[in-house]
Amino acid sequence: MGHLSPELRSRAERMVALYPERRSALIPLCHLAQGQDGYLTEEAMEEVAELCGVSPAEVRGTASFYDMLHTEPVGRYVFAICTNIACMLAGAYEVLDHATERLGIHLGQTTEDGLFTLEEAECLAGCDRAVCVQVNHRFFGPIDEEGFDQLADDLAAGRLDETVPPHGVLNRVVRKVGLEASRRKDSTISRNPQSAGDPPVGPAAAKPEASGPSQSEAS
Amino acid sequence: MLTQAPRIVTARLGYEDSHTLERYLATGGYEGLRKALSMTPEQVHEEVNAASLLGRGGAGFPAGRKWSMRRPAPTTYLVVNGDESEPATFKDHLLIERDPHQVVEGTIIAAYAIGAAQAFIFCRGEFALGLERLTQAVNEAYEHGALGESIFGSQFSLDLVVHPGAGAYICGEETALLESLEGKRGFPRIKPPYFPAAIGLYGEPTIVNNIETMSNLPWIVSNGGAAFSALGQGSSAGTRLFALSGHVRRPGWYELEMSKVTFRDLIYAEMLGGGIRHGRELKAFIPGGVSAPWFFPEHLDMGLDQEAVGKAGSMLGSGSVVVMDEQACAVRAAWRISRFFHRESCGQCTPCREGSGWIENILRRIEDGLGREEDLELLLDACDNIAPELTWPPKQTTICVLGPSIPSSIVSGIHRFRDEFLLHVKEGACPHPPDEVRHV
Ligand SMILES: Cc1cc2nc3c(=O)[nH]c(=O)nc-3n(C[C@H](O)[C@H](O)[C@H](O)COP(=O)(O)O)c2cc1C
Ligand code: SF4
Ligand code: FES
């Protein structure tokens, strides 16, 4: 019995088939597994290894290099507060101090109820919204102390469930066309990319978070 | 606007739905590709040469010239670098989220020009929405006939895969990126070979280009290389997307004609940065990412010009400008930059791995008021050990250029603000207030 759900398993197999070499799918598959379990379990790493044709140790060794891949459980919501230069200049360390106090945990820890994990992030490429914060890799900002409290309250109350799906950055939009299919000479590429059951880009996508007053608004 | 230059890569971003295929098609989308397919690959390449398009990933290497360097082989790969993690850089993130079809179209055009049948867009893993938008765009492009077999009925076929990163700055370095794409840890490869164009993904010739570089191609093909090189000046042709952050009133992205617009315009013009917050004075600014030596008020009238900035001892790099006002602490800024490098060093090379830690620790101790006067010399010494003689550009001592990039900005800060560093030591505390939280 595999660890990945049958649906994910078949998606995983299709992802492996996208690459000229199976091992290239290792990181995408780790994201997929993390989307199912919230973190990389032993069983998941074994299955990823089998799918990619490498040893489980190689999956673990590779995953450990990457900040986004967790080999230990994390909270339902992972706060990543950027403290890099632009956010620091906008008071990121003050906001971070506030966050540790409010959540009652240190950096890298998870609250007892399993709801929140707190991380200090490097630049998230959202510097025009400094202080920039991600929750499960969805962007928020600018965030001040009050904004952080509001965000934590909203998350805890489930008010942001639409915008902030659980872990895993590959869950919501699925690639439709398999390369194997498209490579075959006699193939007709799937003409139905919006098949039922697959949401279009999610609600967060419909309303991109506002960025700073840049050119689009200015001119 | 400040100049008459059109907006090339951000033309569509005024629309809420700029990421959709409908909007893309309604605003000239995929016309560049259609035109390219009516030309030979060599002709497309020639237009890019004529455009004098410099790579937008940081090193500013001419795109057309890079394409010429590929080793002839049956299989050539194209890999688009969307790992954007250089601190204070947020332009590729913007282009991926808000105009993913433009990225896809540019990628297809480049693949056609270099004869690649397989392309990858490596998207930073933290860009969850970006990954969704790109994947959706790829799905739609297949549906539209712009990807897959016989694109728009031509002889050209291409498969395009959106590949997620997983959180490691070093994967922006092109050889580390290829390792990561091969399912390995992101360790930069030992050079030579110097260019993936000779030996890249799976050992095959591979062209690696930046997201913004690709995003310029549809316009260049539609309007001709000459129209592009007519903008800007000299080697700094076209427009460029600048990411402005820090202590300005209006942080944000601004696409500007290169060379013709100055740093003063970018930071102070009402339509752009709008000046320093609270009407304060400018202390220093970073002209092109945190590896770039800092600039000061006397540099404000310089144009946004790759060559001019290079001659003045810094770089336009990734096009990110960070502004520090008079209240900012130079020690704290230098410390945060060194902390970043220490956290993100991949650890293969001793000068980078150890040196970054030393520098971070010494700067932290100075900032905390526990420094000694000798610490300044110690710092410069540690910097010199990573990049001998602290030249600009730095000397190469390590596998990739991350290591030697560490000292340059920090040294520029020490040279300019030596008294401020010493004041920390003398007073046994940081003389500056904590960073003020930006409220909205
Ligand atoms: C440490 C390091 C990080 C880099 N990060 C990026 C990046 O995030 N995005 C990018 O396009 N190029 C990055 N580069 C530059 C790439 O190695 C490569 O030169 C670039 O992607 C080529 O694209 P271009 O010629 O279109 O500019 C980085 C280089 C180094 C040394
Ligand atoms: S210079 Fe630093 S980041 Fe680059 S390969 Fe060496 S240790 Fe890794
Ligand atoms: S410095 Fe915080 S998002 Fe870039």
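B:Gly172 touches B:Asn81 and B:Asp83, leaving aside residues up to four places away in sequence. This glycine belongs to a predicted model, and B:Gly172 sits in the loop between strand E3 (159–164) and helix H8 (174–181) of chain B. A polar backbone atom of B:Gly172 is also 3.2 Å from a nitrogen atom of ligand 1, so that ligand gets a section of its own below.

**Two loop residues in chain B**

- How exposed is B:Gly172? With a relative accessible area of 28%, B:Gly172 is partly exposed, because the buried class ends at 20% and the exposed class begins over 50%.
- Measuring C-alpha to C-alpha, B:Gly172 and B:Phe120 are 14 Å apart in space, with their positions 52 residues apart in sequence.
- B:Ser85 is found in another loop of chain B, the one between strand E1 (77–82) and helix H5 (91–98).
- Is B:Ser85 buried or exposed? B:Ser85 counts as buried because its relative accessibility is 10%, and buried means under 20%.
- A polar atom in the side chain of B:Ser85 lies 2.5 Å from the backbone oxygen of B:Asp83, and B:Asp83 is also one of the residues that B:Gly172 touches.
- Not counting residues up to four places away in sequence, B:Ser85 touches B:Arg124, B:Tyr169 and B:Phe340.

**Ligand 1**

- There are 18 residues around ligand 1, and those that come nearest are B:Gly57, B:Lys66, B:Asn209, B:Asn210 and B:Thr213.
- Backbone and side chain both take part in the polar pairs: an oxygen atom of ligand 1 is 2.7 Å from a polar backbone atom of B:Gly57, and an oxygen atom of the ligand is 2.7 Å from an N or O atom in the side chain of B:Asn210.
- Ligand 1 exposes 610 Å² when taken alone, and the protein buries 89% of that.
- Which element gives the largest share of the shell around ligand 1? Strand E4 (residues 206–210) of chain B does, with three residues.
- Sorted by class, the shell around ligand 1 holds eight polar, six charged and four nonpolar residues.

**Ligand 2**

- Around ligand 2 there are 13 residues, with B:Cys346, B:Gln348, B:Cys349, B:Cys352 and B:Cys400 coming nearest.
- The shell around ligand 2 has eight nonpolar residues, five polar ones and no charged ones.

**A strand pair in chain B**

- Strand E8 (residues 252–257) of chain B is mostly covered, as six of its six residues are buried.
- In a regular strand, side chains alternate between the two faces of the sheet.
- In E8(B), B:Gly252, B:Tyr254 and B:Leu256 point one way, while B:Trp253, B:Glu255 and B:Glu257 point the other way, and all of them are buried.
- E8(B) runs antiparallel to strand E7 (residues 239–246) of chain B, and six bridges join the two.
- B:Arg240 stands opposite B:Leu256 in E8(B).
- The connection from E7(B) to E8(B) is a hairpin through five residues.

**Chain A at a glance**

- Chain A has ten helices and four strands, which follow the order α-α-α-α-β-α-α-β-β-β-α-α-α-α along the sequence.
- Of the 219 residues in chain A, 55% are buried.
- Among contacts in chain A with a separation of 6 or more, 66% are between residues 24 or more positions apart.
- The accessible surface of chain A comes to about 9200 Å², and carbon and sulfur atoms account for 50% of that surface.

Conventions: Residues are numbered from 1 along each chain as its sequence is written. Chains are lettered from A and ligands numbered from 1 in the order in which they are written. This is a predicted model: local features need pLDDT of at least 70, side-chain atom pairs count only at pLDDT 80 or more; totals for chains, interfaces and linings use all residues. Side-chain values use heavy atoms; hydrogens and water are left out. A residue is near a molecule or strand if one of its heavy atoms lies within 4 Å of it. A polar contact is a pair of N or O atoms within 3.5 Å; within protein, one must be able to donate a hydrogen and the other to accept it, and residues adjacent in sequence count only if both atoms are side-chain atoms. Accessible areas come from the Shrake-Rupley method with a 1.4 Å probe; for residues, only the protein chains shown count as cover. Ala, Val, Leu, Ile, Met, Phe, Trp, Tyr, Cys and Pro count as nonpolar, Asp, Glu, Lys and Arg as charged, and the others, Gly among them, as polar. Buried means under 20% relative accessible area, exposed over 50%, partly exposed in between (1.4 Å probe, protein chains only). Two strands pair if DSSP finds at least two bridges between them. Contact means heavy atoms within 4.5 Å.
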